[in-house]
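Grab a pencil and open the viewer. Here are a few exercises to help you find your way around a new structure.

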Amino acid sequence: MSRRPLLAALIGLTAVLALLAAGCGGGGGGKKGGNATALPASSCSDIYYEGDGSPDYVIASDLPLQGSGRAQTVQMTEAIKFVLKQHDFKAGDYKIGYQSCDDATAQEGGWASEKCSANANAYAQNKSVIGLIGTFNSGCAEIIIPVLNRAPDGPVGMISPANTYVGLTHGGPGTAAGEPDKYYPTGKRNYIRIVAADDYQGAADALHTQQLGLKNIYILNDKQAYGLGVATDYRNSLNRLGIKVAGFSAWNSKASSYTGLATQIKARGVDAVFIGGLICENGGKLIKDLSSVLGSGVQLLGPDGFTPISAVVSGAGKASEGMYISVAGQPNENLGPTGKKFVKDFGATQAGGQVDPYSSYAAQSADALLTAIANSDGTRADVAAQLLKTKVTDGILGTFTINENGDTNANPVTIYKIKGGKQTTYKTITPPQDLVKGA
């Protein structure tokens, strides 16, 4: 999932260092949950635990629980609870409680660097926290990973169901200098993700473009690292496929109108525009103006920064109709027997019975983290080491392994289409390695 500006991440890291210097964080102010000390109530829920006795440790999730995507992320927390309850709140010999933590603010309407900083410090200093599920946004992960990497008795293991920014785990076009090593100051890896990175997403979007028969593409980005990164990966893959790139430029998220930009794009005779960036960066207005000037004959395409898709529809209205949006991961209908059983059983606990695909990824993250804890010697450092050894057979997401970088070997990317104002599954693409390497 998407990534905010590097400047915000640097501000967040500065805030973390200030908190550490002040001796803040830890379990201070939190309620006791038996043997485990709770994280601060300012960001986190009470400890969820229905097992025997008292929990030995706490796992936390770090997700944006405010803004347009709130329904999606709140359901992810419910999926984590569902899995924990299935495990009887145990991971091997260890009794595990859970806290849901919010990295968003009302002002931002999504994740905020200062919240990510404060949360990171709280996780690191509270030794009851044995592992973390998150984040949803890659920019927040940039802030949290290095803090947990150098945590006392750590590093603390972290598993993301949603981060896609390439530089969190490996280098490549569109990544910044020093990535990914700068996120791991101890030299030990403590972070894994179970979704495809943006080099896969860019390649999948390029293949989809080819399959639609589109031949002249204009690429926009929101000038942020995530948007520029996924746009660069897409451009590189188009070049390898021999598809013309009519232009590559940025849009200003503070602009009041994009009709001038749209007019310039129209002059290039394009048949598609790829919008690399975030819906919250004035993406709704951009879609409206592009659609108004370019007309229905020009296809609009976007990556997972344009999720939840309901926010695109509400922000752009009818102008979003027919737009394709890619999301790293597979839809629930493509899951195997274990995944479909989860969707059925968990869906029965949800209003309307609908299960967001990210909830399946959150549930798999919880299951993998509990397995790592069960296989560990009970220390933070060993849980992190066990996460890097993750091998799942017939799990909620099927069968996959994690490599030494923390990346999964299962990399499907699903293309959704907005039809009748709703999200519809169009197709799932797993791009070949030779195209991904060129992204």
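**Exercise 1.** In what order do the strands of the open sheet of 6 strands come? Then name its edge strands.

*Solution.* Keep in mind that this is a predicted model.
- Step 1: walk across the sheet and you meet β4-β5-β3-β8-β9-β10, with mixed pairing.
- Step 2: look for strands that pair on one side only; these are β4 (90–91) and β10 (191–193).

**Exercise 2.** Work out how β3 and β5 are joined, and find the bridge partner of S61 in β5.

*Solution.*
- Step 1: β3 (residues 57–63) and β5 (residues 94–102) run parallel, and 7 bridges join them.
- Step 2: pick S61 and go over to β5, where its bridge partner is S100.

**Exercise 3.** Find what helices α2 and α11 do at this sheet.

*Solution.*
- Step 1: α2 (residues 70–86) lies across β3, β5 and β8 (129–134), and runs at about 175° to β5.
- Step 2: α11 (residues 357–374) packs on the sheet too, touching β3, β4, β5, β8 and β9 (157–160). Its direction makes about 155° with that of β8.

**Exercise 4.** Now turn to the open sheet of 7 strands. Why is one side of β12 and of β19 left without a neighbour in the sheet?

*Solution.*
- Step 1: write down the order, β12-β11-β13-β14-β15-β18-β19, again with mixed pairing.
- Step 2: β12 (244–250) and β19 (422–429) stand at the edges with a single partner strand each, so one side of each has no neighbour in the sheet.
- Step 3: go inside to β13 (residues 272–276) and β14 (residues 299–302), which pair in the parallel sense over 3 bridges. There, V273 has L300 of β14 as its bridge partner.

Key: Residues are numbered from 1 along each chain as its sequence is written. This is a predicted model: local features need pLDDT of at least 70, side-chain atom pairs count only at pLDDT 80 or more; totals for chains, interfaces and linings use all residues. Side-chain values use heavy atoms; hydrogens and water are left out. Two strands pair if DSSP finds at least two bridges between them. Helices (H or I, at least four residues) and strands (E, at least two) are DSSP runs, numbered from the N terminus. Contact means heavy atoms within 4.5 Å. Axes are lines fitted to C-alpha atoms, for helices over the stretch in contact, and angles run from 0 to 180 degrees between N-to-C directions.
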